[in-house]
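Let's walk through this structure together, beginning with a ligand site and working outward to the sheet, the core and the place where two chains meet. Keep the viewer open as you read.

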Amino acid sequence: MNVQSPALTAKDYASDQEVRWCPGCGDYAILKAVQKTLAELQADTAKTVFISGIGCAARFPYYMSTYGFHTIHGRAPAIATGVKLTNPELDVWVVSGDGDALSIGGNHLLHALRRNVDLQILLFNNEIYGLTKGQYSPTSRVGTRSPSTPGGSIDTPVSAGAFALGAGARFFARSVDTQQKHLPEILKRAKAHKGTSLVEIFQNCIVYNDGAFDGFTERAVAADRQVLLEHGKPVIFGKENDKGLRLAEGKLVLEVVRLGENGVTEADILVHDETDRVMAGMLAALQPPHMPVALGVLYCDPTRSYETSVTDEVAAARKSHPSDLAELLHKGHTWTVS
Amino acid sequence: MEGSTALVADPSGRRVLDSAVVRFAGDSGDGMQLTGSQFTLSTALAGNDLATFPDFPAEIRAPVGTTFGVSAFQINFGARVIKTSGDELDVLVAMNPAALKVNLVDVKPHGLLILDSGAFNERNFTKAGYESDPRSDGSLKDYRVFEVDMSQMTQDALKDCGLTKKESLRCKNMWALGLIYWMFGRDRQATVDWLNEKFRRRTEIAHANIAALNAGHAFGETAEVGEDLAAFSVPPAEIAPGLYRNVTGAEALSWGLVAGAKGAELKLVFCSYPITPASSVLHALADLKDYGVVTFQAEDEIAAVCAAIGASYAGGVGVTSSSGPGVALKMEAVGLAISAELPLVIVNSQRAGPSTGMPTKTEQSDLYQSVFGRNGDAPLVVLAARSPADCFDVAIEAVRIATKYMTPVILLSDGYIANAAEPWHLPEADSLPRFPVAFETDPEGFHPFKRDPETLSRSWAVPGTPGLEHRIGGIEKASDSGNISYDPANHQLMTDLRRNKVLGVAKDVPPQAFEAGGADDKLVVVGWGSTYGPISRAVDNLRSEGLPVAHLHLRHIWPLPQNLEALLRGFDKILVPEMNDGQLVTLLRGEYLVPAESLSKVTGKPFKISEIEAAIRARLED
Ligand SMILES: Cc1ncc(C[n+]2csc(CCOP(=O)(O)OP(=O)(O)O)c2C)c(N)n1
Ligand code: SF4
Ligand SMILES: [Mg+2]
């Protein structure tokens, strides 16, 4: 495929393979958004790699016309790390489910984030194990009934945002499968960030966990239950754009206030600073129905990426001392037998 | 048996020995490893052949003076070819009672014990668990004992050096080394140079150590040490001319991987997670950034193998390294590399198992794990190194096979090989094998599972190549397109292809040859890995007595060499010594239905030559 030609459309990023998710699955919408994003970026299919673990979400690479590697359950971040260490020029995307990323693969996600390998990690969070037919997952809310928790789950779920920030992630964002305007914008931000970008995408599993996110994604409630974050802008939401977040007086917690009520003006509202890790943590913790779900780029504070440092270290060593094999073998004490 | 033999005087009056086994033993803080490696260096420079083995305590900082804090270093050197670090000790240098207690069992009858009497006191007897003074209660009556207060002598020698008592005492290993140098007529210069270099920023320490070394040497020369501590000479061995160095298995393996990647003309990406006794390979390679080596200490063994797979996928040589427990964790991912048909080298420095087992003790018990230990029909190539220096060649071979056949290769080393050292005749760097990899670049008729009809290897198209975008994974794929396929006949075909590809590697390796003897002999000993030393010495010894015994030593564990079956069928008896409960023997019986018999040893220690000799004799007699 010719990179120079600006003619690539979203369709050019689709492979010839038939997409095999359940009809109505949120994964379709995400696939579409990703293809659209790549088209907008005119990404080079030859230099783009999708790497996934196992799960419904992980089928993703087969449907892309780029390079793709469908690997094993939970391990995609580790494999992607090896790819970047070998060829840092490649643009590497990881696609993972909530079980893949936060259960069996939690350790690898943790370490990819703290190392800051230049990857885009897309976490399709449907709060369920789709591929294995509907068991509860580590992000399922307490009380989730599933074949393995017939009486409702009892363990506390993990929050991807809190996990990522705790691991030292330098980029964390959120979007929703069906938000076809918002999602590509977020994906572009993730791609632009050099380092590990974790994007949590709320994805509806129509078969095993249908409507899990209706509480904040349904048309009727969305505006009041979501806040779309923008760096440098006040955190305002609501159908009438009349609600905002601010720090409660004397406490380190966020509260919802109404503009115009009790003398509250826009000047009182928290301004989103995506480089503020503490703020990101507070925003990530907001939960409906009392609080809006924070979507957008919660945190972005770039630092040197891991593979850059590794590559530079090797290059510097080679430059200061370009060695050959004979020299290596002869290093240290040798003696001649005649 | 290895060890001292003929005793004739040389012109200088020294008694001439054919070979000798010396072990330095002391507390882990006594510097026994340094002492041993310095003695090794001067012995190599004197032209002897040699083999060494360090024995570290399992504890990092065991209490001083206790038996579990004993560290030892053994060297066997001779005027003839040396194949093992020696069955029994001719000389044991024991720096304290605990060192004596732990190591006495290995000293041969009438062997020489050199003791630092300064450390033989009540406190140390108690710490070592001696109820009485072993020197006076008769426990040493079968040995020759030479006592000298090394602690005091060292302090006396260093009294003008301006060091504290504690600092002076730390030099007593050099005093002991000086004495042993005198015993065997060794030159001190290499050690003097080494000390000056090592302590170039603390010259007073360098001088003190050199003073201790010289004092120990002078003591031997001037003191009335009598018959017990006679001066010996071990003449140079007949060694092929050339340039030599000492290498441990871990070093040779690391350098072999570098040479292999160079042969393939690819970047070496080495991904590992620390584990005894495999970490030394990680350490060695981490220090080779100037050779373009990328090392990655992953979060666990699974991540390590996965990163290595990612490296190969991206067009590098992905290598991972561990020991048995870590390799167990890697196996799911190894299956992925088998299914996706990607090159991968997995180094296993085996240790005693199961589970944590005995991390610092050697064993060969991961052969089953290597050949069979994965889910599904998951064939790969298994190679085994026989000695420290052999690791270099086997590592190159592993990279060659992995990249040529697009297959994982398990390279088996073990704790003994990793730590042991031997002189290595350095190859010419220019003469090393070259096998440049040609990546697929042609979009015409491309699909990722297109195969070379000869090798059955699939084409290797790396991300970044325009026009070859494709998807691979661990799901079964159609043989003719690489697309996902659950077709029953296709799975049969792909299983056959994966099996035949790996079996086909046997056509690409030299036929199995005898190490000693041949088809006319009655009994053949079949070995693999680090049992090479004791087996070959045992077989040589018995052959020189005229016994009809031959030796085959396998580098290729899977696939087995093509001519092996025919070779084995020629023998009445087949004996397979292994440091496991009988694994290669089962493989040979299963493959060839031959009456191979196991000689098993799982004590965490290598075979003694005498043990193998006895087993062969017993079979030849009945
Ligand atoms: C080693 C291993 N253990 C278990 C499985 C079975 N398994 C496959 S996918 C999956 C969970 C998938 O859930 P998630 O990651 O949330 O992805 P989704 O299907 O929901 O997209 C499990 C348990 C497996 N394939 N491999
Ligand atoms: S099971 Fe759920 S997640 Fe999986 S494809 Fe079907 S709808 Fe999508
Ligand atoms: Mg899921």
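By class, the shell around ligand 1 splits into seven nonpolar, eight polar and two charged residues. Please keep in mind that this is a predicted model. In total, 17 residues surround ligand 1, and the closest are A:Gly55, A:Gly97, A:Gly99, A:Asp100 and A:Gly130. Two elements of chain A give two or more residues to this shell, namely helix H3 (98–104) and strand E5 (128–129). Of these, H3(A) gives the most, with three residues.

Ligand 2 has its own surroundings: A:Trp21, A:Cys22, A:Cys25, A:Asp27, A:Cys56, A:Asn126, A:Gly130, A:Cys205, A:Ile206, A:Val207 and A:Tyr208. You will recognise A:Gly130 in that list, as it is also one of the residues closest to ligand 1. The class counts for the two shells can be set side by side.

| Shell | Nonpolar | Polar | Charged |
|---|---|---|---|
| Ligand 1 | seven residues | eight residues | two residues |
| Ligand 2 | eight residues | two residues | one residue |

A:Gly97 also leads us into the sheet. Which residue of E4(A) does A:Gly97 stand opposite? The partner is A:Phe124. The two strands involved are E3 (residues 91–97) and E4 (residues 120–125) of chain A, which pair in the parallel sense over five bridges.

Both strands belong to an open sheet of nine strands with mixed pairing, in the order E9(A)-E13(A)-E7(A)-E8(A)-E4(A)-E3(A)-E1(A)-E2(A)-E18(B). Strand E9 (226–228) of chain A and strand E18 (471–473) of chain B stand at the edges with a single partner strand each, so one side of each has no neighbour in the sheet. On average, neighbouring strands here are turned by 20 degrees against each other, with direction ignored.

Now for the meeting of the two chains. The contact takes 52 residues from chain A and 58 residues from chain B. On the chain A side, the elements giving two or more residues are strand E2 (67–70), helix H2 (76–86), helix H4 (106–115), helix H10 (306–320), helix H11 (325–330) and strand E14 (334–337). H2(A) gives the most to this side, with eight residues. The chain A residues that touch chain B comprise 23 nonpolar, 23 polar and six charged.

H2(A) deserves a second look: 11 of its 11 residues are buried, including A:Ile79, A:Val83, A:Lys84 and A:Leu85. E14(A), for its part, pairs with strand E10 (residues 242–248) of chain B in the antiparallel sense over four bridges. Within that pairing, the bridge partner of A:Val337 is B:Gly242.

Stepping back to chain A as a whole, you will find 11 helices and 14 strands. Its C-alpha atoms fill a box of roughly 95 × 50 × 50 Å along the principal axes. Of the 338 residues of chain A, 49% count as buried. Among its contacts between residues at least 6 apart in sequence, 67% join residues at least 24 apart.

Finally, the largest nonpolar core has 281 residues, of which B:Ala25, B:Ala307, B:Ile309 and B:Leu411 touch the most other members. What does B:Leu411 touch, leaving aside residues up to four places away in sequence? Its contacts are B:Val345, B:Val347, B:Leu383, B:Ala385, B:Val394, B:Ala395 and B:Ala398.

Notes
Residues numbered from 1 in each chain as written. Chains lettered and ligands numbered in written order. Predicted model: local features only at pLDDT ≥ 70, side-chain atom pairs only at ≥ 80, totals over all residues. Contact = placed C-beta atoms within 7 Å. Nonpolar A, V, L, I, M, F, W, Y, C, P; charged D, E, K, R; others polar. Pairing = 2+ DSSP bridges. Near = placed C-beta within 6 Å. Core = buried A, V, L, I, M, F, W, Y, C linked by C-beta atoms within 7 Å. Buried ≥ 20, exposed ≤ 12 C-beta atoms within 10 Å, placed from the backbone. Axes fitted to C-alpha atoms, helices over the stretch in contact; angles between N-to-C directions.
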